[in-house]
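Reader: I'd like a close look at one part of this model, the salt bridges between helices. Could you walk me through them once the structure is up?

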Amino acid sequence: MDRDLIRARVAHHESGHAIIAKAVGLRVTRVRIRRSDGFVSLGEADTDNYDADQADAELRFFYAGMFADARFLIEQGYSRSRSLSLARTVARRHDLKQIRSITAWMKKHHNKRLNTRRAERDAERLVNRHWNDITRMAASHC
């Protein structure tokens, strides 16, 4: 992939996180998009009051980047399966680790098992619903 395509992928991935964070009620404190990586910072969660609703919102936030990346690749002509495969490879570096961490924390501290499959499906639907906002934000960072 050329550098422009990589930068556009990063911009869509991080914009997916940021837009969906707001959609699920999380507070975004910073968005940083660089040439080949980026991040979105959230306001600190109150761990004393951290519950399943907060954890579910964060799961959707972390899955959203992957689905925004995949949708961008589909629009570039990649097949759905190839797009999801490439997006999961990127997400494995950080996002999927965070999802595992959240689910383990909820299990340990609240004895609650989170429905990650539902969160994943919801994140994909949210990305599709907010796609115009995601692409506008990504375009402003390319």
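Does Glu120 count as buried, partly exposed or exposed, going by relative accessibility?

Author: Keep in mind that this is a predicted model. Glu120 counts as buried, because its relative accessibility is 15% and the cut-off for buried is under 20%. Its salt-bridge partner is Arg88, with 2.8 Å from N to O. That pair ties together distant parts of the chain, since Arg88 belongs to helix H3 and Glu120 to helix H5, 32 residues apart. Arg88 comes out as partly exposed, at 28% relative accessibility.

Helix H5 has another link of this kind. Asp122 makes a salt bridge with Arg60, and their closest N and O atoms are 2.6 Å apart. Here the distant parts are helix H5 (residues 116-129), which holds Asp122, and helix H2, which holds Arg60, with the two positions 62 residues apart in the numbering. Asp122 counts as buried at 18% relative accessibility, and Arg60 counts as buried too, at 10%. Arg125 joins in as well: Arg60, Asp122 and Arg125 form a network of salt bridges.

For contrast, take Asp37 and Arg34, whose side chains meet in a salt bridge at 3.9 Å, N to O. Asp37 is partly exposed, with a relative accessible area of 37%, and Arg34 is partly exposed at 35%. Over the whole structure, the search turns up nine salt bridges.

Asp37 also leads us to the largest pocket, which has a volume of about 500 Å³. Among its 21 lining residues, Asp37 is one of the closest to the centre, along with His13, Glu14, Gly38 and Val90. Helices H2 and H3 each give at least two residues to that lining, while H1 supplies the largest share, six residues.

Definitions and conventions:
Residues numbered from 1 in each chain as written. Predicted model: local features only at pLDDT ≥ 70, side-chain atom pairs only at ≥ 80, totals over all residues. Heavy atoms only, no water. 1 Å grid on protein atoms, 1.4 Å probe; cavity = no way out; pocket = protein on both sides within 12 Å on 5 of 7 lines; lining within 4 Å. Points joined across faces, edges and corners; volume = space filled by probe spheres on them. Helix = DSSP H or I, 4+ residues; strand = E, 2+ residues; numbered from the N terminus. Salt bridge = Lys/Arg side-chain N within 4 Å of Asp/Glu carboxyl O. Buried < 20%, exposed > 50% of the residue type's maximum accessible area, 1.4 Å probe, protein only.
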